[in-house]
Amino acid sequence: MRGWLSRGDWLVLGAALLLLPGLYIAFWHGGGRGQEARVWVDGKPWARLDLFHDQRLAVPGPLGDSLLEVAAGRVRFIASPCQGHQCIHAGWLADGGEVAACLPNRVSVQVVANDPRFDAINF
Amino acid sequence: MSHTLQTTREDHLVAWFTALAITIHIAESALPSPLPGVKPGLANVITLIVLCRFGWRLAAWVALLRVLIGSVLLGTFLSPTFFLSATGALASVAALGLGWAISRGLPGWALGPLGYGLLAALAHMTGQFWAAYTLFIPHPALLHLYPPLMTLAAVLGLTGGILTRSVLTRLNTGSDAPISMSRQQ
């Protein structure tokens with residue numbers, strides 16, 4: 001690359017290479033790993049789950065039971081009486097602010113972190 | 001071409017280069033974009049060429065006029081797109097001014113096209129992103145987009161710098177020597 005980059009160019013390039021990973025660390029660290037999950041049924045708080053206490057939990061909704069699994073600091077839907085199974089496809093939730101909901105069965109779960117930087121994370 | 005440019009008055013230079021930049025700007029606006037706020041920034045190559053050959057003042061004119069007139073021609077003047085684009089252009093012109101001042105004050109650390117291209121792209125993305133965040137979508141989730149957008153900006157800025165360098169090399173009539181910053185002062 002001789003002749004392509006001057007000494008000043010190297011300086012800018014080096015600064016950019018330091019800056020970019022820093023940005024990922026600063027902005028992609030979300031609200032940190034969650035400590036607990038809150039479960040709502042029909043818009044009302046229904047339970048608070050400790051994410052470090054592994055368990056399976058049936059949450060009764062209008063259509064039947066939605067099954068939640070808590071394991072290794074994460075939570076997910078594993079079964080639900082709804083049609084689309086959007087809640088199951090949402091997969092594991094671990095970071096503060098992450099949400100999965102089964103709208104037909106009126107069950108939603110949100111991970112809460114100590115540092116709630118985000119109300120919600122959308123994809 | 002270089003002969004004509006070297007012997008024309010400064011405002012004629014600005015007009016010619018701005019016209020060229022606007023043409024590229026409009027052609028580029030027809031390209032589909034993978035992500036909002038991301039485009040190759042080919043029009044900025046013109047800004048970098050003007051910067052390297054004629055200095056920061058002319059480059060600033062070309063960059064800002066291009067965004068203004070380009071938006072009038074595309075019908076986005078005073079729309080959100082325009083404010084994002086204008087904030088980005090202001091930020092990149094400011095960053096190029098800083099790089100230019102360093103290049104003149106400390107010749108040993110003078111920047112070349114790649115350094116300027118990278119600096120301009122990162123500054124443009126930062127300006128545009130913060131305008132989007134503060135003016136239009138003040139949602140914290142938007143911040144997640146900032147690191148990948150900056151990564152794309154860095155890649156596209158370096159690409160623009162490489163293009164600028166090869167154009168400058170050809171403008172210097174076959175000479176492969178590094179571009180002298182004070183050549184056309």
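Start by selecting helix 7 (146-171) of chain B: its buried residues pack against helix 1 of chain A and against helix 3 and helix 6 of chain B. Keep in mind throughout that this is a predicted model, with an ipTM of 0.79 and a pTM of 0.68.

**Stop 1: helix 7 of chain B**

Show the side chains of the buried residues here: B:Tyr146, B:Leu149, B:Met150, B:Ala153, B:Ala154, B:Leu156, B:Gly157, B:Leu158, B:Gly160, B:Gly161, B:Thr164 and B:Arg165. Next, pick the C-alpha atoms at the two ends of helix 7 of chain B; they are 36 Å apart, which agrees with the 38 Å that 26 residues should span at 1.5 Å a residue.

**Stop 2: chain B as a whole**

Now zoom out and colour chain B by secondary structure. Chain B has seven helices and zero strands, so to speak an α-α-α-α-α-α-α run from the N terminus on. Of its 185 residues, 41% count as buried. If you draw a contact map of chain B, residues 24 or more positions apart account for 76% of the contacts with a separation of 6 or more.

**Stop 3: helix 2 of chain B**

Select residues 10-29 of chain B, which form helix 2. This helix has 20 residues and reaches 28 Å from its first C-alpha to its last, close to the 28 Å expected at 1.5 Å a residue. Which residues of helix 2 of chain B are buried? They are B:Leu13, B:Val14, B:Phe17, B:Thr18, B:Ala21, B:Ile22 and B:His25. Look down the axis and you will find them on the same side of the helix, because they cover an arc of only 155° around it. An α-helix has 3.6 residues a turn, so residues three or four places apart point the same way. Turn helix 2 of chain B over, and the face away from its buried side carries the exposed residues B:His12 and B:Ala27.

**Stop 4: the largest nonpolar core**

Stay with chain B and select B:Val50, B:Val62, B:Leu96, B:Leu118, B:Leu119 and B:Leu122, which touch the most other members of the 51-residue largest nonpolar core. Each of the following supplies at least two residues of this core: helix 1 (7-27) of chain A, and helix 2, helix 3 (43-54), helix 4 (56-74), helix 5 (80-105), helix 6 (113-136) and helix 7 of chain B. Helix 6 of chain B gives the most, with 11 residues.

Centre the view on B:Val62. Leaving out residues up to four places away in sequence, B:Val62 touches B:Val14, B:Phe17, B:Thr18, B:Ala21, B:Ile46, B:Thr47 and B:Val50. Of these, B:Val14, B:Phe17, B:Thr18 and B:Ala21 are among the buried residues of helix 2 that you have already visited.

Apart from this core lies another, of 16 residues, including A:Val59, A:Leu68, A:Val111 and A:Ala113.

**Stop 5: where the chains meet**

Select the contacts between the two chains: 20 residues of chain A are in contact with 23 residues of chain B. On the chain A side, these residues divide into 13 nonpolar, four polar and three charged.

**Stop 6: chain A and its loops**

Hide chain B for a moment. Chain A has two helices and seven strands, in the pattern α-β-β-β-β-β-α-β-β along the sequence. Buried residues make up 30% of its 123 residues.

Two loop residues deserve a click. A:Asp42 sits in the loop between strand 1 (36-41) and strand 2 (44-50) of chain A, and has a positive phi of about 55° although it is not a glycine. A:Asp42 counts as exposed, because it has 11 C-beta neighbours inside 10 Å. A:Arg106, in the loop between strand 6 (99-102) and strand 7 (107-112) of chain A, also is not a glycine and has a positive phi of about 60°. With 19 C-beta neighbours inside 10 Å, A:Arg106 counts as partly exposed.

Then find A:Gly84 in the loop between strand 5 (74-79) and helix 2 (86-89) of chain A. The C-alpha atoms of A:Gly84 and A:Pro104 are separated by 9.1 Å, while the residues are 20 apart along the chain.

**Last stop: confidence**

Bring chain B back and colour it by pLDDT. The mean for chain B is 87, and 88% of its residues reach 70 or more. Where is confidence in chain B lowest, and where highest? Helix 1 (residues 2-7) of chain B is lowest at a mean of 54, and helix 4 of chain B is highest at 95. Over residues 174-185 of chain B the pLDDT is below 50, and this stretch has 14 contacts in the model beyond near neighbours in sequence. Where pLDDT is low, the predicted coordinates should not be read in detail.

Note on methods:
Residues numbered from 1 in each chain as written. Chains lettered and ligands numbered in written order. Predicted model: local features only at pLDDT ≥ 70, side-chain atom pairs only at ≥ 80, totals over all residues. Helix = DSSP H or I, 4+ residues; strand = E, 2+ residues; numbered from the N terminus. Expected span 1.5 Å × (residues − 1). Buried ≥ 20, exposed ≤ 12 C-beta atoms within 10 Å, placed from the backbone. Arc of directions from axis to C-beta. Contact = placed C-beta atoms within 7 Å. Nonpolar A, V, L, I, M, F, W, Y, C, P; charged D, E, K, R; others polar. Core = buried A, V, L, I, M, F, W, Y, C linked by C-beta atoms within 7 Å. pLDDT = per-residue confidence, 0-100.
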